[in-house]
Amino acid sequence: MSGASVLPPIEDLCLSLDHEFENGGDGARIREIMQEYVEKHSDWRQYAKFCPHKYSRNLINRTPEYEIMVICWGEGQVSPIHNHEGQRCWMGVVEGEIEETYFMFKDTKCTKGSGPLEVMGSAHPIDMGTVGYITDEVALHVIRPTTKSAVSIHLYSKPIQECNIYCPKTGLVTRRKLGYYSEYKKICDPAQQAPSCTALPSSLPAAVY
């Protein structure tokens with residue numbers, strides 16, 4: 001007599017998130033769900049696809065309430081300074097280590113203002129097996145790998161279709177459409193991968209996919 005089927009951990013993760021967001025999306029509980037997964041499981045690897053040119057956003061699941069993806073960071077691949085459009089973001093590191101640097105506008109000491117940005121405090125690591133969290137109320141930020149490569153799982157609630165990119169020297173804000181390098185394990189058509197923006201300063205790091 002066969003027992004009940006057991007879901008792969010990453011599918012179970014998505015079902016747990018579905019349930020939690022249907023019931024209000026408690027931030028502490030969501031962090032616990034993410035923490036348990038990143039500590040114990042590795043079936044995220046089937047979604048991990050590196051791009052040689054920029055860090056890659058690889059979609060695992062998307063609903064009206066959230067999107068969850070594997071982000072692969074090659075050596076030297078750095079995000080621009082960006083916001084999160086008023087949404088919540090959890091980041092669980094499953095391979096290597098990433099470093100997060102906070103920024104705010106110098107004139108207001110918050111994420112809304114004008115003119116140059118400044119670094120808030122020192123850069124801090126997010127170690128393998130741990131989960132970080134950010135919102136626009138906390139800061140703008142930059143993410144980079146501190147190991148030769150790194151992989152992190154990012155959960156956004158709700159899904160983010162566009163975000164702001166900031167020039168640290170001038171405070172110039174540009175809008176960036178977001179896409180995926182792969183969706184549900186399949187590499188996307190190049191036209192879907194490329195972001196679009198207006199007047200992006202050449203001094204900024206490689207853009208968000």
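## Exercises on a predicted protein model

At 23% relative accessibility, Arg88 counts as partly exposed, because that class lies between buried (under 20% relative accessible area) and exposed (over 50%), with a 1.4 Å probe and protein chains only. This is a predicted model, where local features need pLDDT of at least 70, side-chain atom pairs count only at pLDDT 80 or more, and totals for chains, interfaces and linings use all residues. Residues are numbered from 1 along each chain as its sequence is written, and side-chain values use heavy atoms, leaving out hydrogens and water.

**Exercise 1.** Find out where Arg88 sits and which residues it touches.

*Solution.* Start with the element: Arg88 is found in strand E4. Strands (E, at least two residues) and helices (H or I, at least four) are DSSP runs, numbered from the N terminus. Next, look along the chain: Leu155 is 67 residues away from Arg88, yet their C-alpha atoms are separated by 8.0 Å. Now list contacts, meaning heavy atoms within 4.5 Å. Leaving aside neighbours within four places in sequence, Arg88 is in contact with residues including Phe21, Ile30, Tyr133 and Leu155. Finally, follow the side chain of Arg88, which reaches the backbone oxygen of Gly25 at 2.9 Å.

**Exercise 2.** Check the length of helix H2 and decide how its buried residues are arranged.

*Solution.* First, take the length. The expected span of a helix is 1.5 Å times one less than its number of residues. For the 14 residues of H2 (residues 27-40) this gives 20 Å, and the end C-alpha atoms are 20 Å apart, so the two agree. Second, pick out the buried residues of H2: Ile30, Ile33, Met34, Tyr37 and Val38. They cover an arc of only 125 degrees around the axis, which puts them on the same side of H2; the arc is that of the directions from the helix axis to the C-beta atoms. On the other side, Ala28, Glu39 and Lys40 are exposed. Third, see what the buried residues pack against: helix H1 (9-22) and strands E2 (67-73), E4 (88-95), E7 (131-134) and E9 (150-157).

**Exercise 3.** Describe the largest nonpolar core.

*Solution.* A nonpolar core is a set of buried Ala, Val, Leu, Ile, Met, Phe, Trp, Tyr and Cys residues joined through side-chain atoms within 4.5 Å. The largest one has 23 residues, and those with the most contacts inside it include Leu17, Ile68 and Leu155. The elements giving two or more residues to this core are H1, H2, E2, E4 and E9.

How values were computed. Polar contact = N/O pair within 3.5 Å; in protein donor to acceptor, adjacent residues only side chain to side chain.
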